[in-house]
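Me: I would like to go through the labels given to this structure and ask what backs each one. Please set each value against its cut-off.

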Amino acid sequence: MRGPPGATRAAAPRSRKRTEPSGRGVRAGASTAVTMAVTNMVGEVIATFGSDAQKQAYNPKLASGEAIASFCLTEPGAGSDAASVKTNAKKNSDGSWILNGEKMWISLGDVADHFLFFCWTDAEKQKKRDHSGLSCFIVERSMATIVERDEPWFGARLLGETDARRRLI
C-alpha cells in the first residue's frame, strides 16, 4: 500500500495496535487496512493540494504513523455526494474560518488526530451544485465536536465510527 510522501515500511506503529483476534492468534486485518488507507488518502490530498507549510506540518507525522487522519465528507441527507453536502465555511475578518455543519460515519473519528473536512465556501456555486465552490479544511481534533457512537463494521471490529456536529472552528 502506497503511503504519503516519505512513508516507509514501518509507517504504521499506531495502526499495528489495531489488530484483530483470529482463530490463529492475533493478526492485522481489515481495521489496520482501513486505518492505513484513510490516513494515506488524507496524506495524498495534503501532498497534492496543501501548502508547503501544511505538507511539512502534517505529512511527516502521517507517513511515520505518529498521527492518524480521517476523511470527512458524508452528511445526513447527502451521503457521500460532495455536491449535496450542506456544511459551509465562512471567512472572518481576521482571516480565520468558521465551519458550520454536520458530518457522519467518520471512519477513525474516535482516534484521528486530524480531519479533512469538505465544505462549501461559495454560496452561489453551492446553489448551482458547482463543485468548484467546495473547499477542504484540515481540522485538528481539539477544534471539532466529535460524537462517538457504537456502529460496528463487518470484518473490521476495531474501527470506531463517529459523527462531527455543531459549530466547527
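**Labels and their grounds**

Reply: In the protein, 65% of the contacts with a separation of 6 or more are between residues 24 or more positions apart; contact means heavy atoms within 4.5 Å. This is a predicted model, where local features need pLDDT of at least 70, side-chain atom pairs count only at pLDDT 80 or more, and totals for chains, interfaces and linings use all residues. Residues are numbered from 1 along each chain as its sequence is written, and side-chain values use heavy atoms, with hydrogens and water left out.

Me: How many helices and strands does the protein have, and what makes a run count as one?

Reply: There are 3 helices and 11 strands. Both are DSSP runs numbered from the N terminus: helices are H or I with at least four residues, strands are E with at least two. Helix H2, at residues 52-64, has 13 residues, so it meets the minimum of at least four.

Me: How do you know what span to expect of H2?

Reply: The expected span is 1.5 Å times one less than the number of residues. For H2 that gives 18 Å, and the helix reaches 18 Å from its first C-alpha to its last.

Me: Where does H2 bend?

Reply: At Tyr58, by about 30 degrees. The bend is the angle between axes fitted to the seven residues ending there and the seven starting there. A proline, Pro60, follows within four residues. After H2 comes Gly65, with a positive phi near 90 degrees.

Me: Why is the pair of Phe71 and Phe118 called tilted?

Reply: Ring centres of Phe, Tyr and Trp (its six-membered ring) must lie within 6.5 Å to pair; planes under 30 degrees apart are stacked, over 60 edge-to-face, the rest tilted. Phe71 and Phe118 are 5.0 Å centre to centre with 55 degrees between the planes, so the pair falls in the tilted class. Phe71 lies in strand S3 and Phe118 in strand S7, so the pair ties together parts 47 residues apart in sequence.

Me: What makes Phe118 buried or exposed?

Reply: Buried means under 20% relative accessible area, exposed over 50%, and partly exposed in between (1.4 Å probe, protein chains only). Phe118 has 17%, so it is buried. Phe71, at 25%, is partly exposed.

Me: Why is the pair of Trp97 and Phe137 edge-to-face?

Reply: Its planes are 65 degrees apart and its centres 5.2 Å, so the angle is over 60 and the distance within 6.5 Å. Trp97 in strand S5 and Phe137 in strand S8 are 40 residues apart. Trp97 is partly exposed at 29%, whereas Phe137 is buried at 14%.

Me: What makes Glu75 and Lys103 a salt bridge?

Reply: The term requires a side-chain nitrogen of Lys or Arg within 4 Å of a carboxyl oxygen of Asp or Glu. Here N to O is 2.8 Å, so the pair qualifies. Both partners are buried: Glu75 has a relative accessible area of 4% and Lys103 of 1%.

Me: How do you know that Asp81 and Arg129 form one too?

Reply: Their N to O distance is 3.2 Å, so the cut-off is met. Asp81 is partly exposed at 33%, and Arg129 is partly exposed at 45%.

Me: What separates Glu124 from Lys127?

Reply: About one helical turn, because they are 3 residues apart in helix H3. Their closest N and O atoms are 3.3 Å apart, in a salt bridge. Lys127 is exposed at 64%, while Glu124 is partly exposed at 45%.
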